[in-house]
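Biologist: I am new to this one, and I would love a friendly tour. Could you show me the sequence and the model, and then take my questions one by one?

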Amino acid sequence: FWDPWHETVWNACTHLAATGQTPDVTLVANHLRDGRTLQLFELVEHAGIRHNMPAYTKILSDHTQRRWILNLLTGATQRAHQPDTDPADLADQIRTMLDTQERAHTDATRLADAIPAMIDRIEHGNLRGDSTPWPELDRWVTLQPGRLYTLAARPGVGKSLMGQALATHMSRHHHKASLVASLEMPTDEYVQRYLAAESGVGLSVMDYGQLTEDQWKSMSSATARLDQWNVYVNDHSRQTLASIRADARMVARRHPLGLIVVDYLQLVTPT
């Protein structure tokens, strides 16, 4: 339908079919009555044969994709020249549109059509998701893909520590990477906490550097174990949803990404 006349021909075919007739070049030409009979015959002659349809479909799909990309880039170029456009926000919107275009999905799913997949998950025990470090908590909730979980509590009761434990557990036990967007605690403090938790050496001992030989051995073993984990930390104080999503994409390109920890949500800079 790139050529509007092709749409006119198609409408004539659908009209003939709706009246119980089988469209052919003569009937369509008679229905159109626009003096383009010769052009219509040439169109039919160039239609090709049925066994070439996969190749023709590929050509059509490629042209469609190119036009979509051109429209996207044209709109992005126009927005990029506007002085009030946030570059990070624009880049994130472009990535989101590209991701959406690549995903073949329908906007709505008939509930009954989703039942077989759910039965299969139930049969194979795939409903529980990934465990947390706390078996008692797993009785009530596990980490399901695509879900948002909020830890809410008063200051100083261990929310950051719980997020840290979830991130390391995801990497250690489920072999998936974790991303920690830490808007309040610097990376150095996270590293020190990880070393303390894994080695058993107290934070105060590390602060003064008065480690015994056995404690240094524990630190060495903890460092070797930490080296096997894929936990990423960004401690920039002014992170946005766009920057966190960009970090997540970076991590996901390197390892399967299982968890994103935002510490904490109220400090994320809104766009």
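Modeller: Gladly! Let us begin with a term: a residue is called buried under 20% relative accessible area, exposed over 50%, and partly exposed in between. Please keep in mind that this is a predicted model.

Biologist: Is Asp-235 buried, partly exposed or exposed?
Modeller: Asp-235 sits in the loop between strand 2 (231-234) and helix 12. Its relative accessibility is 35%. Since that value lies between the cut-offs of 20% and 50%, Asp-235 counts as partly exposed.

Biologist: Which residues does Asp-235 touch, leaving aside its neighbours within four places in sequence?
Modeller: One partner is far along the chain: Asp-235 and Ser-182 are 53 residues apart in sequence, yet their C-alpha atoms are 4.7 Å apart in space. With neighbours within four places set aside, the contacts of Asp-235 are Ser-182, Met-185, Pro-186 and Thr-187.

Biologist: How do helix 1 and helix 2 lie relative to each other?
Modeller: In general, two packed helices are described by the angle between their axes and the distance between the axes. Here the axes of helix 1 (residues 4-18) and helix 2 (residues 25-32) come within 10 Å and cross at roughly 105 degrees. Angles of 65 to 115 degrees count as roughly perpendicular, so helix 1 and helix 2 are roughly perpendicular.

Biologist: And which residues of helix 2 make the contact with helix 1?
Modeller: From helix 1 (residues 4-18), whose axis comes within 10 Å of that of helix 2, the contact uses Trp-5, Thr-8, Val-9, Ala-12, Cys-13, His-15 and Leu-16. On the helix 2 side, the residues are Leu-27, Val-28, His-31 and Leu-32.

Biologist: Let us turn to charges. Which residue forms a salt bridge with Asp-92, and which parts does the pair tie together?
Modeller: The partner of Asp-92 is Arg-245, with the closest N and O atoms 2.5 Å apart. Asp-92 belongs to helix 5 (residues 87-102) and Arg-245 to helix 12 (residues 241-254), so the pair ties together parts 153 residues apart in sequence. The answer is therefore Arg-245, linking helix 5 and helix 12.

Biologist: Of Asp-92 and Arg-245, which is buried and which is partly exposed?
Modeller: Asp-92 has a relative accessible area of 7%, which is under the 20% cut-off. Arg-245 comes to 34%. So Asp-92 is buried, and Arg-245 is partly exposed.

Biologist: How far apart in sequence are Glu-198 and Arg-225, and where do they lie?
Modeller: Glu-198 and Arg-225 form a salt bridge, with the closest N and O atoms 2.6 Å apart. Glu-198 lies in helix 9 and Arg-225 in helix 11 (residues 213-226), so this pair ties together parts whose separation in sequence is 27 residues.

Biologist: Which residues are joined into one network by salt bridges that share partners?
Modeller: Glu-198 counts as buried at 18% relative accessibility, while Arg-225 is partly exposed at 34%. The network is found elsewhere, where salt bridges sharing partners join Asp-92, Arg-245 and Arg-249.

Biologist: About how many helical turns separate Arg-193 and Glu-189?
Modeller: The side chains of Arg-193 and Glu-189 meet in a salt bridge, at 3.6 Å from N to O. Because the two are 4 residues apart in helix 9 (residues 187-199), their separation is about one helical turn.

Biologist: Which peptide bond is cis?
Modeller: As a rule, most peptide bonds are trans. One bond here has omega near 0 degrees and leads into Tyr-264, a residue in the segment after strand 3 (257-263). That cis bond runs from Asp-263 to Tyr-264.

Biologist: What is the phi value of His-175?
Modeller: His-175 lies in the loop between helix 8 and strand 1 (177-182), and it is exposed, with a relative accessible area of 65%. Most residues other than glycine have a negative phi. For His-175 the value is positive, near 55 degrees.

Biologist: Finally, how much accessible area does the nonpolar surface patch have together?
Modeller: One member, Ile-115, is in helix 6 (residues 111-123) and counts as partly exposed at 47% relative accessibility. Ile-115, Met-118, Ile-119 and Ile-122 form the patch, and together their accessible area is about 360 Å².

Definitions and conventions:
Residues are numbered from 1 along each chain as its sequence is written. This is a predicted model: local features need pLDDT of at least 70, side-chain atom pairs count only at pLDDT 80 or more; totals for chains, interfaces and linings use all residues. Side-chain values use heavy atoms; hydrogens and water are left out. Patches are made of residues with over 30% relative accessible area and no salt bridge: like charges are joined within 9 Å, nonpolar side chains (Val, Leu, Ile, Met, Phe, Trp, Tyr) within 5 Å. Accessible areas come from the Shrake-Rupley method with a 1.4 Å probe; for residues, only the protein chains shown count as cover. A salt bridge is a side-chain nitrogen of Lys or Arg within 4 Å of a carboxyl oxygen of Asp or Glu. Buried means under 20% relative accessible area, exposed over 50%, partly exposed in between (1.4 Å probe, protein chains only). Axes are lines fitted to C-alpha atoms, for helices over the stretch in contact, and angles run from 0 to 180 degrees between N-to-C directions. Angles under 35 degrees count as roughly parallel, over 145 as roughly antiparallel, 65 to 115 as roughly perpendicular and the rest as oblique. Contact means heavy atoms within 4.5 Å.
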